[in-house]
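Dear colleague,

I am handing over the structure below, and after it I set out what was found, in an order that should be easy to follow with the model open beside you.

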Amino acid sequence: MEREKVAIIGAGVIGGAIACAISDDFQVTATRRKIERLSPLAERGINITSDNDKAVSEAEVVIISVKPYQVIPLLKNLSNGLKDKLVISFAASINLDLMQRVIPDSRVVRAMTNIAVQVKEGYTVYSCGKNVTDSDKNVITKIFEDMGEYEEVDEQHLDVLTAMAGSSPAYLYTVVEAMIYGALQVGLPRDLALRAAAWSVIGASHLLLSSGKHPAELRDMVVTPGGVTIDAIYALEDGKVRTAFMKAIRDASLKAQRLARDACDEAERQLGKEN
Ligand SMILES: NC(=O)C1=CN([C@@H]2O[C@H](COP(=O)(O)OP(=O)(O)OC[C@H]3O[C@@H](n4cnc5c(N)ncnc54)[C@H](O)[C@@H]3O)[C@@H](O)[C@H]2O)C=CC1
Ligand SMILES: O=C(O)[C@@H]1CCC=N1
C-alpha cells in the first residue's frame, strides 16, 4: 500500500524528531532553510529540501514545526498550496482560530508534544479545528501513535499543557542533573549515578500511571520510618522544591498564554493592514 505523504516544514529539533518517528509508516519530506543540517534525516531515507512550496504541493498532510512567531507569516506564504490539506501545527501558543483565519480552506490541528518523540515516547496532546474529518482523525492518530502516547484535549488546556507536556523534559533533566551531582559529591561513579537517576524516573512514572495512586501516597510508601528517604525529603522541603515547581509550571503557563495573546495582536495588526 502506498504510504501517505507528509511534509514537515521547519525540521529543527522537534520537526526532525517527528520526521524520524513517523518515517517507517509515512513518506516524509522534511524542509528547513539550511538544508545541510538535514543530512542525518536523508541518511534515514527521508526526503529533504529547502523548497517549502514543492514539499507542500506533493504532500497530503503538512506538519508545521517552525518557531511560534514564524507560523502565521509561513501559513500566509503557503496558503495556496495548503488549500484542502490537513495541516498539523506543533507551535506553542498559536491557536486554531488564528491559523484557520489565515488558511480558511485547510483542515487544521493544533498539537503539542515533547522531545521524547526522539525515542518514540513523546506525549502528544491535540485539538482539531471544526472541519477536520473522521478520516483525517485516522491519519492524525496514526502519526501521533508513531510518536508515543497521545490524547485529544480541549484547546483551552493547550497553553498549560505546553508548560507541562512540552517543557517538562527540561525540568526533569534539571532534577536528574542535580541528583547526579549530589551522588558525585559522595563519590558514586558518574555513569552509575546517571543510570540510577534515569531508571528511577522511568520506573516511578510507570508505577504512577499503572497504580492509579496519588503521587503523595506512593511517596509515603517509600519513606521507611527512621530510614534514609525521610532525610532527603526533609532537605527538599527545606529547599522549597514544591513551591519552586509550582511557580515554574505557573510561570511557563502564563508565558504560553502571553505569547498567544501577543500572536493574536500581531496577526490582527497584519490582517488589519491587508484589509
Ligand atoms: N523543542 C521542543 O521540545 C518542542 C518544540 N515545540 C514547538 O516546535 C516549534 C519548533 O521548535 P524547535 O524544534 O525547538 O525549534 P528549532 O529552531 O530547532 O526548529 C525550527 C526550524 O524551523 C526552521 N525554519 C524556520 N523558518 C522556516 C521556513 N520558512 N521554512 C523552512 N524551515 C524554516 C528553522 O531553520 C529551524 O530548523 C516551536 O513552535 C515550538 O513551540 C513543540 C514541542 C516541543
Ligand atoms: O520552550 C518552548 O517554547 C517549546 C515549547 C515546549 C517545549 N519547547
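**What was found**

Please keep in mind throughout that this is a predicted model. I begin with one residue, Gln-100, which is found in helix α5, the helix that runs over residues 96-102. Is Gln-100 buried or partly exposed? Because a residue needs 20 or more other C-beta atoms within 10 Å to count as buried, and Gln-100 has 19 C-beta neighbours inside that distance, Gln-100 counts as partly exposed. If residues up to four places away in sequence are left out, Gln-100 touches Val-108 and Gly-129. You may also like to find Leu-75, which is 25 residues apart from Gln-100 in sequence, while the two C-alpha atoms are 9.7 Å apart in space.

Turning to the chain as divided into domains, the domain assignment gives domain 1 at residues 5-157 and domain 2 at residues 167-239, and the C-alpha centres of these two domains lie 35 Å apart. An unreviewed UniProt entry, for its part, places the feature "domain: Pyrroline-5-carboxylate reductase catalytic N-terminal" at residues 5-92. Over residues 5-92 the chain is 41% helix and 24% strand, and the C-alpha atoms at the ends of this stretch are 24 Å apart.

Helix α1 (13-22) deserves a careful look, since nine of its ten residues are buried and the helix is therefore mostly covered. The buried residues of α1 include Ile-14, Gly-15, Cys-20 and Ile-22. What do the buried residues of α1 pack against? They pack against the strands β1 (5-9), β2 (27-31) and β4 (61-64), and also against the helices α2 (39-42) and α6 (134-147).

Helix α1 also leads to the ligands, because α1 and α4 (68-82) each supply at least two residues of the shell around ligand 1. That shell holds 24 residues, and the closest are Gly-10, Gly-12, Val-13, Ala-91 and Ala-92. Sorted by class, the shell around ligand 1 has eleven nonpolar, ten polar and three charged residues.

Which residues are around ligand 2? They are Ala-92, Thr-162, Gly-166 and Ser-167, and by class this shell has one nonpolar, three polar and no charged residues. Ala-92 can thus be found among the closest residues to ligand 1 and also among the residues around ligand 2.

With best wishes

Definitions and conventions: Residues numbered from 1 in each chain as written. Chains lettered and ligands numbered in written order. Predicted model: local features only at pLDDT ≥ 70, side-chain atom pairs only at ≥ 80, totals over all residues. Helix = DSSP H or I, 4+ residues; strand = E, 2+ residues; numbered from the N terminus. Buried ≥ 20, exposed ≤ 12 C-beta atoms within 10 Å, placed from the backbone. Contact = placed C-beta atoms within 7 Å. UniProt positions renumbered as here; feature names shortened; annotations may be inferred. Near = placed C-beta within 6 Å. Nonpolar A, V, L, I, M, F, W, Y, C, P; charged D, E, K, R; others polar. Domains from an automatic or database assignment.
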